[in-house]
Amino acid sequence: MKTNLELLKSWIRESKSAVFFGGAGVSTESGIPDFRGVDGLYRQKFEYSPETIISHSFFKKDPAYFFRFYREKMLPLGFEPNITHRVLARLEEEFHLAAVVTQNIDGLHQKAGSRRVYELHGSVLRNYCMKCGKFHPAETVRDAEGIPLCHCGGIIKPDVVLYEEALDEKTLMGAVAAISKADLLIVGGTSLTVYPAAGLLNYYRGKRLVLINRDETPYDGQADLVFHESLGTIFSQL
Ligand code: CNA
């Protein structure tokens, strides 16, 4: 009788088009807090809820407050990929993994070497002037005082999908295509409560759905294998 871990290993070896779908929990072991885990942002107290502050309407209403929060709580610069990012990059190189679909905005999958990454919620590493469209590195946003401004006077906006904003069409289509063609879907480090991202699981047609998450998720009942453990514990054995 195979253990769950042995089963997972054999499914990965047999797979030709596996996809990893992940969230903030993938980067907690790099030191970046998630939103809903034990030390997550949602357990801390702010004047407004994080959903309110990182919404499009709040950004328009009070960009100075938005950027204060964004810089302090959401701009993960100077962090390194952990074992999960690195093993995923290796699996892609070995042709066992077709793509990573992530809700993260920290760029750590690419930093670890993954090439086919669909960033559903954008990236803090890309920032554009809302007036002239000029690109600015994340350091410009980090180091600015108050609202980061371009030379032309426009506000520099991070290329991050805020609440009330639509996902990028091309990224979404790429993610849907990868998931619907996958023969193994490994979901990890996500509470699966943020839509439409979590709804992408419904495009999966394969027989092997694996969930690796410290806490329970609404999709646990649909999975063929569930690990309520940290990703590092599982991925360090793959
Ligand atoms: P979430 O709602 O905060 O859920 C994270 C889940 O991961 C929780 O259920 C935890 O139990 C679980 N978890 C935390 N650490 C680990 C671990 N080491 N191993 C296994 N499970 C773990 O985050 P979601 O991604 O589901 O929510 C989507 C939001 C969070 C997206 O919009 C992201 O942009 C946003 N976010 C991103 C980052 C980042 O880029 N690193 C950080 C914080 C939030």
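Glu14 and Arg208 pair up in a salt bridge, with their closest N and O atoms 2.9 Å apart. This is a predicted model, so treat each distance here as a value computed from a prediction. The partners come from distant parts of the chain: Glu14 sits in helix 1 (residues 4–14), while Arg208 belongs to the loop between strand 7 (185–188) and strand 8 (209–212), and 194 residues separate the two. What lets such a pair form? Side chains of opposite charge can pair when their charged atoms come close.

How hidden is this pair? Glu14 has a relative accessibility of 44%, so it counts as partly exposed. Arg208 is partly exposed too, at 27%.

**More salt bridges**

The count for the whole model comes to eight salt bridges. Here are three of them, including the one you just met.

| Salt bridge | Closest N and O atoms |
|---|---|
| Glu14 and Arg208 | 2.9 Å |
| Arg126 and Asp159 | 3.0 Å |
| Glu165 and Lys157 | 3.0 Å |

Take Arg126 and Asp159 next. Their salt bridge has its closest N and O atoms 3.0 Å apart. This pair also links distant parts of the chain, with Arg126 in strand 4 (residues 122–129) and Asp159 in strand 6 (residues 156–160), 33 residues apart. Arg126 is partly exposed at 27% relative accessibility, and Asp159 is partly exposed at 31%. They aren't on their own, either: Glu119, Arg126 and Asp159 are linked in a network of salt bridges.

Now for Glu165 and Lys157. Is Lys157 buried or partly exposed? Its relative accessible area is 16%, and buried means under 20%, so Lys157 is buried. Its partner Glu165 has a relative accessible area of 22%, which makes Glu165 partly exposed.

**Helix 1 and helix 5**

Back to helix 1, the home of Glu14. Which of its residues are buried? They are Leu5, Leu8, Ser10, Trp11 and Ile12. The cover over these residues includes helix 5 (83–93), strand 7, strand 8, strand 9 (225–227) and helix 9 (231–235).

Helix 5 has its own set of buried residues: Thr84, His85, Val87, Leu88, Ala89, Leu91 and Glu92. These pack against helix 1, strand 1 (18–22), strand 2 (97–102), helix 6 (108–112) and helix 9. So you can look at the contact between helix 1 and helix 5 from either side.

The ends of helix 5 are worth a look as well. At the N-terminal end, Asn82 acts as a cap, with a side-chain oxygen 2.9 Å from the backbone nitrogen of Thr84. Just after helix 5, Phe95 takes a positive phi of about 65°.

**Around the ligand**

Finally, find the ligand. Which residues come nearest to it? Of the 27 residues around it, those are Phe35, Arg36, Thr190, Ser191 and Asp215. The shell divides into eight nonpolar, twelve polar and seven charged residues.

Some polar contacts are easy to pick out. Thr190 has a polar side-chain atom 2.7 Å from an oxygen atom of the ligand. Asp106 also uses its side chain, placing a polar atom 2.8 Å from a ligand nitrogen. With Gln103, a polar backbone atom is the one involved, 2.8 Å from an oxygen atom of the ligand. How much of the ligand does the protein bury? Taken alone, the ligand exposes 860 Å², and the protein buries 95% of that.

Methods
Residues are numbered from 1 along each chain as its sequence is written. This is a predicted model: local features need pLDDT of at least 70, side-chain atom pairs count only at pLDDT 80 or more; totals for chains, interfaces and linings use all residues. Side-chain values use heavy atoms; hydrogens and water are left out. A residue is near a molecule or strand if one of its heavy atoms lies within 4 Å of it. A polar contact is a pair of N or O atoms within 3.5 Å; within protein, one must be able to donate a hydrogen and the other to accept it, and residues adjacent in sequence count only if both atoms are side-chain atoms. Accessible areas come from the Shrake-Rupley method with a 1.4 Å probe; for residues, only the protein chains shown count as cover. Ala, Val, Leu, Ile, Met, Phe, Trp, Tyr, Cys and Pro count as nonpolar, Asp, Glu, Lys and Arg as charged, and the others, Gly among them, as polar. A salt bridge is a side-chain nitrogen of Lys or Arg within 4 Å of a carboxyl oxygen of Asp or Glu. Helices (H or I, at least four residues) and strands (E, at least two) are DSSP runs, numbered from the N terminus. Buried means under 20% relative accessible area, exposed over 50%, partly exposed in between (1.4 Å probe, protein chains only). Contact means heavy atoms within 4.5 Å.
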